[in-house]
Number of protein chains: 2
Amino acid sequence: MFPSHIHVERRNRLQAQLQSGVLLFLGNDESPMNYADNTYPFRQDSSFLYFFGVDRPGCAALLDLDDGRCTLFADDLTLDDIVWTGRQPSVAELALAGGVAETAPAAALEARLGQLQGRPVQFLPPYRVEHQQKLTRLLGLAPEAQAARASVPLIRAVAELRAIKAPEEVAELERAVDVSVDMHLAAMAMARPGVREAEIAARVTAIALASGGALAYPVIATVHGETLHNHHYENVLQDGQVFLLDAGAESARHYAGDLTSTCPVGAGFSPRQRDLYQVVLATHLAALDQLKPGVPFRAIHLAACRTLAEGLKDLGLMKGDPAEAVAQGAHAMFLPCGLGHMLGLDVHDMENLGEVWVGYEGSPKSTQFGLKSLRLARPLQAGFVLTVEPGIYFIPELFQRWRAEGRFRDFIDYAVLEGYQGENGFRLEENVLITPGGHRILGKARPRTVPEILAARA
Amino acid sequence: MFPSHIHVERRNRLQAQLQSGVLLFLGNDESPMNYADNTYPFRQDSSFLYFFGVDRPGCAALLDLDDGRCTLFADDLTLDDIVWTGRQPSVAELALAGGVAETAPAAALEARLGQLQGRPVQFLPPYRVEHQQKLTRLLGLAPEAQAARASVPLIRAVAELRAIKAPEEVAELERAVDVSVDMHLAAMAMARPGVREAEIAARVTAIALASGGALAYPVIATVHGETLHNHHYENVLQDGQVFLLDAGAESARHYAGDLTSTCPVGAGFSPRQRDLYQVVLATHLAALDQLKPGVPFRAIHLAACRTLAEGLKDLGLMKGDPAEAVAQGAHAMFLPCGLGHMLGLDVHDMENLGEVWVGYEGSPKSTQFGLKSLRLARPLQAGFVLTVEPGIYFIPELFQRWRAEGRFRDFIDYAVLEGYQGENGFRLEENVLITPGGHRILGKARPRTVPEILAARA
């Protein structure tokens, strides 16, 4: 990871915020696929990486803020292990790299916790079953009781620290975005009639892996962009369709890029596809214009929804007052999700800490369809990195349900919308750093306008 | 998966073997990477695929052999789910595809088990923490008690059924091997000075994904082939090195290919590399010759070790009587693992059921270094599919330890061996079906001899 002093400073800032307490950080273990030793690529917990820089399965760390003691619990390899895995850094070397002074065998953690004489142990919410099992064993907490027992002060402190990206983190995010741009350029050049989605997903994956990193999240490579998280690749691209790629690389230091492109499969967009894409692009550019410290992202999301609704009204798909339509949630027929989210070590940064803390500063989220999927609402700060990703989606099940229920008839022209079924999905996504004066788009330039997209495919 | 009647027949054969009892099969869940909703590609449990054909997370099945009742427990998607995932087959459709007559919500399983009035529930050994958590919740078993409580009759019956591959399974395995051959041909053509291991691993991965399948296991693409399970790709290939690829595709129906190639990075092998590769090839061909029903694979492994030891003696690395060297385990300095293993839905087929049952028919495994890593020892049967994968490895830590301990000085010439340190690792691996008359190598032809390897790189 980064030089050891960076991890030391991060822990010092955590100490300065919390002052007192015992903090338990659980690293991740290997995740078995179809038997114990056939594992997925290891992914360390992001907060563990952030504070300790230790990128190995089977670790835990204990940070006692009252006496400053910091211990890495992990086991060295045996000769039998080394025959299979080769020489790996020792636990002492890993600790040194993370600026951690003390190490102990993994099994010693239980005894150490027993010596705390009733002092409460603070931990982050578990998101893997292995975390739950460990918290049961170490702290005697039933799995279903653990989320509620996670430490809110610790969550808030971690979320505040990780939300503001330091220059070395921005540089790393920019590396991830640069690789992600290469993935998108390759996909846009490949998207032609007769090509299979699986071939494009494979090519995009290879670019991420060849960079020395990984995928930040499962690739979406589809002619059914209306399915927001579509991880199937069974279709053959056909002339007249649009192809949507949502894919991002994870850098070697585990920072995420997250981009989306939409392009025609054939020589160009149909007039209708072009109109829809132009509405998305206009929404995107209008949203970018508003990004600066102090502005709540919820306000930018809602403004973007109004821009979108205005564009859809021009196309005859919506009607009435766009502002009122957005206030009531009618636009969510077309955009049932949020405008963007935090980006960092996780593609939905710190989602495991709880979106209410990360994106809402503890305020409750809306329960309105659409708005409830907005992951970030709080006022922006310089150092935030986030995605902006407006889209227009024609989701058959949503259309049929809402039309049958007669929902938002004042704002949605169902007769016109029926004629648009089969137009699938359009999205444009970029990654931005909030700067003191506004924002900066991360990574190298990539096609956004229709002419740029067509040129990238020439 | 396969047509429903195939799954019905497999369950009927299981019923015929076990006659009576209640069988609980736990499917796999999604595996989170860095937060709950950012998941690895889903991999269903192989026995669940085999008997039920249901390839979706969050499922369980109960098979009551006494009344023939078979129930799939799973939940349908909500409209909110469909917005994100698109329409998916219903639970009823999944059950129909697997020939299962009855479905119930996932939450109904607990109540169904409660109605069994104390009849014992048989289950397979858990290998994911999620299985352990479910068995605790459903059956009240502590995680550490579960492995010992897994049903040996069920394990044996499943292992016997899955060990004999039906024609449709052989066809699927052959598809996986064919894609795997393409992966190896691409890698051998790419392996040149200046190319990074990560680029080759990425290309190989892309070929598996583009085929519509996946990787059967993490790719080994390395100039350090002496590390048996080396999943690091940080090196740049250099003239004079050998490059080892151990990689296999998983077919769309989740059957595995598993091949290894070794090739020079530069224009050709050095004389010493060539000699070592020839010993591996001779061992491989001699082992293949002995494959036929009735012959214990342990005997073939030991014969292969003797061939290897003879070759190493010719090179001056070993000395004394090769048969005695192998009997004592001295050859394990060079080949610390087994000659091969079962192959099927899992790359180490059914490893989760326990190698003692799958490969040893319940007899204990050897504790001798080397032989203890032999996964398959039992007499071969027509319909077995297995790997043959001899190798020679120069593992520095093993060399240093054994030399310091003075082990096997009568059989290993440490002075000569010291001069071979840095020669890394050589392996050749193919996948074979045991036929009534002998064996058949699966998949299309691929380079094995030195001239064939050099030609593949021209």
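Two strands count as paired when DSSP finds at least two bridges between them. Keep that in mind for the views below, which come from a predicted model.

**View 1. The open sheet of chain A, strand by strand.**
Five strands line up here in the order S6-S5-S4-S1-S7, and they make an open sheet of chain A with mixed pairing. The edges belong to strand S6 (102-104) and strand S7 (121-123) of chain A, each of which pairs on one side only. Ignoring direction, neighbouring strands of this sheet are turned by 25 degrees against each other on average. Zoom in on the S7 edge: strand S1 (residues 22-26) of chain A runs parallel to S7(A), and 3 bridges hold the pairing. One pair to pick out is Val22(A) with its bridge partner in S7(A), Val121(A). As a reminder for reading such a view, side chains in a regular strand alternate between the two faces of the sheet.

**View 2. The sheet of chain B, seen at its S6 edge.**
Chain B has an open sheet of 5 strands too, with mixed pairing and the order S6-S5-S4-S1-S7. Its edge strands are strand S6 (102-104) and strand S7 (121-123) of chain B, and each pairs on one side only. On average, with direction ignored, neighbouring strands of this sheet are turned by 25 degrees against each other. This time the close-up goes to the S6 side, where strand S5 (residues 69-73) of chain B is joined to S6(B) by 3 bridges, with the two strands running parallel. Look for Leu72(B), which stands opposite Thr103(B) in S6(B).

**View 3. A little hairpin in chain A.**
S2(A) and S3(A) form a hairpin, with 2 residues between them. The strands run antiparallel, and 2 bridges join S2(A) to strand S3 (residues 38-39) of chain A. Within the pair, Pro32(A) sits opposite Thr39(A) in S3(A). The hairpin strand S2 (32-35) turns up again in View 5, since it is among the elements giving two or more residues to the side of chain A that touches chain B.

**View 4. Where the two domains of chain A meet.**
The domain assignment splits chain A into domain 1 (4-163) and domain 2 (167-456). Taken over C-alpha atoms, the centres of domain 1 and domain 2 of chain A are 34 Å apart. In the contact, domain 1 of chain A puts in 14 residues and domain 2 of chain A puts in 15. On the domain 1 side, helix H2 (46-52) and helix H8 (152-163) of chain A each supply at least two residues. Which of them gives the most to that side? H8(A) does, with 6 residues. By type, the residues on this side of domain 1 of chain A come to 11 nonpolar, 1 polar and 2 charged.

**View 5. Chain A against chain B.**
Here 54 residues of chain A are in contact with 54 residues of chain B. Besides strand S2, the elements giving two or more residues to the chain A side are helix H3 (79-85), helix H6 (129-139), helix H10 (197-210) and helix H15 (396-405) of chain A. H10(A) provides the largest share, 9 residues. Sorted by type, the chain A side has 26 nonpolar, 16 polar and 12 charged residues. To lay chain A on chain B, rotate by 180 degrees with 0.0 Å of shift along the axis (RMSD 0.0 Å). That is the relation of a two-fold axis. Both copies use the same surface, as 100% of the contact residues of chain A recur in chain B.

**View 6. Ala166(A), in the loop after H8.**
Ala166(A) is found in the loop between H8 and helix H9 (167-190) of chain A. Buried, exposed or partly exposed? Ala166(A) is partly exposed, because 14 other C-beta atoms lie within 10 Å. Phe384(A) is 218 residues from Ala166(A) in sequence, yet their C-alpha atoms are 9.5 Å apart in space.

**View 7. Leu65(B), in the loop between S4 and S5.**
Leu65(B) lies in the loop that links strand S4 (60-64) and S5 of chain B. It counts as partly exposed because it has 19 C-beta neighbours inside 10 Å, and 20 would be needed for buried. Leaving out residues up to four places away in sequence, Leu65(B) touches Gln15(B), Leu18(B), Gln19(B), Ser20(B), Gly21(B) and Leu23(B). For a sense of scale, the C-alpha atoms of Leu65(B) and Val236(B), 171 residues apart along the chain, are separated by 57 Å.

Key:
Residues numbered from 1 in each chain as written. Chains lettered and ligands numbered in written order. Predicted model: local features only at pLDDT ≥ 70, side-chain atom pairs only at ≥ 80, totals over all residues. Domains from an automatic or database assignment. Contact = placed C-beta atoms within 7 Å. Helix = DSSP H or I, 4+ residues; strand = E, 2+ residues; numbered from the N terminus. Nonpolar A, V, L, I, M, F, W, Y, C, P; charged D, E, K, R; others polar. Axes fitted to C-alpha atoms, helices over the stretch in contact; angles between N-to-C directions. Least-squares fit on C-alpha atoms with pLDDT ≥ 70 in both. Buried ≥ 20, exposed ≤ 12 C-beta atoms within 10 Å, placed from the backbone.
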